[in-house]
Amino acid sequence: MNTTDATRMLRQAEHAYGAGNFARTVNLLDRISTDRPGLPVDGRASYDALRALLAERAGNWPEAVHRWLAVFGTTPPASGEDQPCDDGCDCDVRTVLDAPGAASSETPCLCCPAHALWRLVWQAARQGAIGEVLDAVPDPSGNRRTALVHALAIGTLRSLAESGTADPAHAVFAIAVWRLLLGKQDLLGFEDLVIARRGAPIHIKDWLSACDRLAARIRTALRSIDERDGHDVLDAWETVWNVERHESNGELVRGKRTYLRMEDCFGMCNDGPACWCSVDSWQPPTPDTTPPCLGLLFGGRPVTGRSPVTVDTAARQLAACGEHRSLLATYARRHGEPATWQADSDTHKACAPYLARALVDRAHEQSEKGAWQDTLDDLTSAVSCGFVLDRSHHEMVRKAGLRAGQNGNGYQRAPLVQRIHWLESAHSLVPEDTALAEELAATLVRQGTEALRRKDRGEGRARFQRALCVLPGEPAAQHALDALELAEVAAVITGSGPGRQPGLQRVGELLHRGFRAEVPAEELRAVYAWYCDRMTERIVEKALAGKKGEARRVLRQLEEVDPSWDERGTRADDGDVAGVLCERAVRLLGGRSGDYARQVPVLLAAAATFARLTGAEAEQQALVTVLPFAAKLVDAGCLSDLITLQAGLLITPGRCPEYDQLVAVAHHRRAHDRRADGEPAGAARDERTAAALRMESAQQIALPFTSELFPGLFDRSVPPPDQDDGPYTQETL
């Protein structure tokens with residue numbers, strides 16, 4: 001094939017490629033490849049360019065590199081050589097590599113090999129095959145590959161800054177590559193590249209300082225991009241950059257897994273990521289061994305989300321680097337106020353440890369500024385997020401709780417409700433702190449007292465009870481609560497207030513504490529009298545039922561309420577029970593209530609049993625109890641009651657002449673009343689009983705008794721003259 005035919009077929013191949021007929025292009029190039037020496041010089045460059053473009057389309061990156069280099073007929077010059085382009089453009093190799101003017105989406109000029117390779121690397125990067133391109137680049141100086149990566153890093157960052165919206169894939173690419181260039185391990189040999197261009201060694205301190213300054217500039221650029229695109233700190237590219245820079249293994253570039261075909265394997269061998277396996281033994285990365293966000297670099301899929309770093313990783317980084325305020329503000333905008341964050345919630349579980357740390361850091365700042373309320377709020381939220389307070393935090397809580405609501409002079413200017421809220425928060429954080437418990441209890445008592453002044457008994461009771469829960473046995477709270485409950489009990493038992501009858505045990509406890517208080521409540525005596533009546537009834541009930549042990553136990557309960565019991569120092573016995581029974585009989589006689597005439601003998605009999613009295617002793621006890629009331633009964637006209645008492649007591653006539661005479665008078669007067677009512681038989685019986693007691697007639701027995709001894713006893717009128725005053729016969733009582 002002559003030169004003319006080869007040139008003609010080459011032009012046809014170019015036309016077919018431009019028309020998108022790639023199969024015909026390949027066919028034409030294959031037909032002239034055997035006679036390629038017949039092509040002119042400019043034709044050979046076009047031939048290699050078409051082959052390079054077809055290789056790019058097929059993903060044959062080594063072939064594409066080889067063909068593009070053949071276009072220029074030379075090997076790219078070593079990095080650092082200041083060599084202008086052969087075609088006379090205004091750029092040089094260093095300018096192209098360090099600061100390419102074209103964005104990643106544009107096609108750079110092909111005026112020199114460096115431009116061509118830079119374009120080729122970008123094309124390969126989009127296919128996740130950058131490593132294949134770099135491996136195919138001849139690199140006699142050892143810096144060419146690093147220089148191309150550096151150019152990619154600069155171009156990508158510039159593209160992010162100049163484009164309308166940051167492409168997540170480009171952002172990941174830029175951060176990952178810059179991490180490799182500026183990493184302490186210097187896996188790409190970036191320091192060697194800079195030294196080669198500088199022509200002089202760099203001191204280690206100067207190198208580290210320069211890397212830090214460059215990293216700060218990159219961070220600033222990423223921050224500007226975040227502000228422009230409206231990213232918050234949890235999905236900001238600046239946060240991703242900080243994670244990548246500060247994480248020992250990195251999130252985008254994990255340790256020795258550089259994904260840029262360095263002299264390391266992918267950490268899949270037995271030696272781990274620190275091995276030095278040969279290139280031939282590398283295990284190619286897969287989607288399982290390569291982070292998805294690095295799909296743009298090598299294998300896998302490109303990142304599609306806004307941020308390749310998880311929210312909890314971002315939160316960890318922000319908390320560790322002192323960005324706790326930004327973290328908390330952003331998280332609160334997403335999930336509400338910190339008071340709603342819980343460590344066991346599925347929503348907050350991943351970030352809870354870092355949120356807790358951030359809240360504690362902010363609490364320290366709030367405490368130093370004297371913002372005590374905010375300090376308590378942050379520490380409370382931190383505990384909800386799983387943070388465990390230590391001794392230093394306990395001191396902070398105590399200080400904040402005691403000072404919350406104070407002004408600069410220490411005066412409490414906050415309302416009691418707010419003050420209690422802050423003290424409750426502090427107490428819940430450090431429940432074992434005595435100072436907080438005492439202050440909270442005192443404040444609760446103050447509010448309860450104010451509630452009582454407003455006649456709000458419910459709130460007052462609730463505050464006093466809460467104070468006792470906080471500080472069990474707190475005297476002021478216990479006294480106030482007892483006084484309130486005693487007043488309520490007194491109102492119920494006197495009928496001046498609504499409510500159910502209180503239980504005896506509850507009233508006994510109230511009285512026990514009330515008697516021992518320094519200032520007993522006004523209602524104490526009234527409640528005590530009611531309590532004594534109820535307990536006496538219970539003692540009598542048990543005693544009459546023959547339950548001596550239970551009667552003694554109830555009596556002990558009654559006596560223990562009275563503080564005078566402590567002075568006696570003896571325990572209730574049967575004699576004390578007998579005394580209660582006698583007192584009960586006396587009260588019945590004095591009040592003459594109910595069926596006292598029949599009850600009194602039963603009570604006195606039971607008292608004699610408890611006191612172990614028999615015969616004359618039992619009768620004497622009955623006489624001592626009944627005799628003071630006998631004259632009153634006769635005087636009041638309760639004749640049958642006195643007679644019924646005598647029938648139950650069975651006091652032998654002659655034991656007490658005064659008593660016998662009173663009973664005789666009762667029979668005599670009742671006989672008079674019965675005869676007037678037309679009951680001669682009953683009158684006769686009463687007269688016989690009176691006679692048996694040596695009573696002849698009302699006139700006869702009037703002389704021995706004086707009104708001073710039994711006042712009112714002989715105020716009755718004399719029986720009518722026609723009444724039969726026959727002799728009395730004695731009846732058995």
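# Exercises on side-chain contacts and helix packing

Aspartate 346 and lysine 349 form a salt bridge, with 3.7 Å between the closest N and O atoms. The model is predicted, and the exercises below work through contacts of this kind in it.

**Exercise 1.** Determine whether aspartate 346 is buried, partly exposed or exposed, and classify lysine 349 likewise.

*Solution.* Step one takes the acidic partner: aspartate 346 has 70% relative accessibility and therefore counts as exposed, the cut-off being over 50%. Step two takes the basic partner: lysine 349, at 48% relative accessibility, counts as partly exposed.

**Exercise 2.** State how many salt bridges the structure holds, and identify which parts are tied together by the pair of glutamate 244 and arginine 179.

*Solution.* The structure holds 26 salt bridges. In one of them, glutamate 244 meets arginine 179, the closest N and O atoms being 3.3 Å apart. Glutamate 244 belongs to helix α12 (residues 237-246) and arginine 179 to helix α9 (residues 168-182), so the pair ties together parts that are 65 residues apart in sequence. The accessibilities complete the description: glutamate 244 counts as buried at 0% relative accessibility, and arginine 179 counts as buried at 12%.

**Exercise 3.** Locate aspartate 235 and arginine 334 in the chain, then classify the accessibility of aspartate 235 and of arginine 334.

*Solution.* The contact itself is a salt bridge between the two side chains, aspartate 235 and arginine 334, at 3.8 Å from N to O. Aspartate 235 is placed in the loop between α11 (204-229) and α12, whereas arginine 334 is in helix α14; the pair therefore ties together parts that are 99 residues apart in sequence. Aspartate 235 has a relative accessible area of 10% and is buried. Arginine 334 has a relative accessible area of 36% and is partly exposed.

**Exercise 4.** Establish how many aromatic pairs the whole structure contains, and describe the geometry of the pair formed by tyrosine 331 and tryptophan 341.

*Solution.* A search of the whole structure yields three aromatic pairs. One of them joins tyrosine 17 and phenylalanine 22 edge-to-face, with 5.3 Å from centre to centre and 65 degrees between the planes. For tyrosine 331 and tryptophan 341, the ring centres are 5.0 Å apart and the planes stand at 90 degrees, so this pair is edge-to-face; the cut-off for that class is over 60 degrees. Tyrosine 331 lies in helix α14 (residues 324-335) and tryptophan 341 in the loop between α14 and α15 (352-369), so the pair ties together parts that are ten residues apart in sequence. Both tyrosine 331 and tryptophan 341 are buried.

**Exercise 5.** Identify which charged residue sits over the ring of phenylalanine 22, and which lies over the face of phenylalanine 610.

*Solution.* Over the ring of phenylalanine 22 sits the charged end of arginine 57, 3.9 Å from the ring centre. Phenylalanine 22 itself, at 25% relative accessibility, counts as partly exposed. Over the face of phenylalanine 610 lies lysine 548, at 5.4 Å from the ring centre.

**Exercise 6.** Classify the relative orientation of α26 and α27 and give the handedness of their crossing.

*Solution.* Two packed helices are described by the angle between their axes and the distance between the axes. The axes of helix α26 (residues 574-591) and helix α27 (residues 596-610) come within 8 Å and cross at roughly 165 degrees. With the cut-off at over 145 degrees, α26 and α27 are therefore roughly antiparallel to each other. The crossing of α26 and α27 is left-handed.

Definitions and conventions. Residues are numbered from 1 along each chain as its sequence is written. This is a predicted model: local features need pLDDT of at least 70, side-chain atom pairs count only at pLDDT 80 or more; totals for chains, interfaces and linings use all residues. Side-chain values use heavy atoms; hydrogens and water are left out. Rings of Phe, Tyr and Trp (its six-membered ring) pair if their centres lie within 6.5 Å; planes under 30 degrees apart count as stacked, over 60 as edge-to-face and the rest as tilted. Buried means under 20% relative accessible area, exposed over 50%, partly exposed in between (1.4 Å probe, protein chains only). Helices (H or I, at least four residues) and strands (E, at least two) are DSSP runs, numbered from the N terminus. A charge sits over a ring if NZ of Lys or CZ of Arg is within 6 Å of the ring centre and within 35 degrees of the ring normal. A salt bridge is a side-chain nitrogen of Lys or Arg within 4 Å of a carboxyl oxygen of Asp or Glu. Axes are lines fitted to C-alpha atoms, for helices over the stretch in contact, and angles run from 0 to 180 degrees between N-to-C directions. Angles under 35 degrees count as roughly parallel, over 145 as roughly antiparallel, 65 to 115 as roughly perpendicular and the rest as oblique. A crossing is left-handed if the near helix is turned anticlockwise from the far one by less than a right angle, and right-handed if clockwise.
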